[in-house]
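Hi there,

Here is the structure we talked about passing on. Please have a look at it first, and then read on for what turned up.

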Amino acid sequence: MKTMILSAENNSIEAKVADNFLARFLGLMGKKSLPEGQGLLLSPCSSIHMMFMNFPIDAVFLDNDYQIIKIVPHLRPWLGFTYCFTAQACLELPSGTANMLGWREGIKLTPLYNNS
């Protein structure tokens, strides 16, 4: 799976890129956690659910230019569901990460592909 660095406000995370049906379908289901500083970028994606998830996440919805258009913090495992119909992608992060990074709606993330 490809990885990329997404940065803004002098903070960055490394995200695996789920850009095909199977990778998006599986997402983080069944995983025990997401390491601090890492995320999963689902693209294309405008809605997510938390079925079969074992930990809470922050959902950061992005447009085509990687601008944050919606943040849903602390989505609970098994119960959470959210959407943003205008989103092109959803970045799933460990719960509390978006706030810790100072990310908010309107901020544009800078994507850099990691060639490793």
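Let's begin with the cysteines: the structure has zero disulfides. Please keep in mind that this is a predicted model. As a reminder, a disulfide is a covalent bond between the sulfur atoms of two cysteines. Cys-84 takes part in no disulfide, and its nearest cysteine sulfur belongs to Cys-90, 9.0 Å away. Because a disulfide needs two cysteine sulfur atoms within 2.5 Å, that distance does not qualify. With a relative accessibility of 10%, Cys-84 counts as buried.

Cys-90 is not in a disulfide either; for this residue the nearest cysteine sulfur is that of Cys-45, at 5.0 Å. Cys-90 is also buried, with a relative accessibility of 0%.

Next come the charged pairs. How many salt bridges does the structure hold? There are two.

One of them joins Asp-19 and Lys-2, and their closest N and O atoms lie 3.0 Å apart. This pair ties together distant parts of the chain, with the two positions 17 residues apart in numbering. Asp-19 sits in the loop between β2 (11–18) and α1 (21–26), while Lys-2 belongs to the segment before β1 (3–8). Are these partners buried or exposed? Asp-19 is partly exposed, at 36% relative accessible area, and Lys-2 is partly exposed too, at 42%.

The other salt bridge is formed by the side chains of Arg-104 and Glu-9, with an N to O distance of 3.8 Å. Here again distant parts of the chain are linked, and the two residues are 95 residues apart. You will find Arg-104 in the loop between α2 (97–101) and β9 (110–114), and Glu-9 in the loop between β1 and β2. Arg-104 counts as partly exposed at 47% relative accessibility, and Glu-9 is partly exposed at 43%.

Lastly, there is something to look at on the surface. Which residues make up the nonpolar surface patch of about 450 Å²? They are Phe-21, Leu-22, Phe-25 and Leu-26. Phe-21 lies in helix α1 and is exposed, with a relative accessible area of 60%. That value is over the 50% cut-off, which is why Phe-21 is called exposed rather than partly exposed.

So, if you want a short tour of the model, you could start at Cys-84 and Cys-90, neither of which is in a disulfide. From there, go to the salt bridge of Asp-19 with Lys-2 and that of Arg-104 with Glu-9, and finish at the nonpolar patch that includes Phe-21.

Best wishes

Definitions and conventions: Residues are numbered from 1 along each chain as its sequence is written. This is a predicted model: local features need pLDDT of at least 70, side-chain atom pairs count only at pLDDT 80 or more; totals for chains, interfaces and linings use all residues. Side-chain values use heavy atoms; hydrogens and water are left out. A salt bridge is a side-chain nitrogen of Lys or Arg within 4 Å of a carboxyl oxygen of Asp or Glu. Helices (H or I, at least four residues) and strands (E, at least two) are DSSP runs, numbered from the N terminus. Buried means under 20% relative accessible area, exposed over 50%, partly exposed in between (1.4 Å probe, protein chains only). Patches are made of residues with over 30% relative accessible area and no salt bridge: like charges are joined within 9 Å, nonpolar side chains (Val, Leu, Ile, Met, Phe, Trp, Tyr) within 5 Å. Accessible areas come from the Shrake-Rupley method with a 1.4 Å probe; for residues, only the protein chains shown count as cover.
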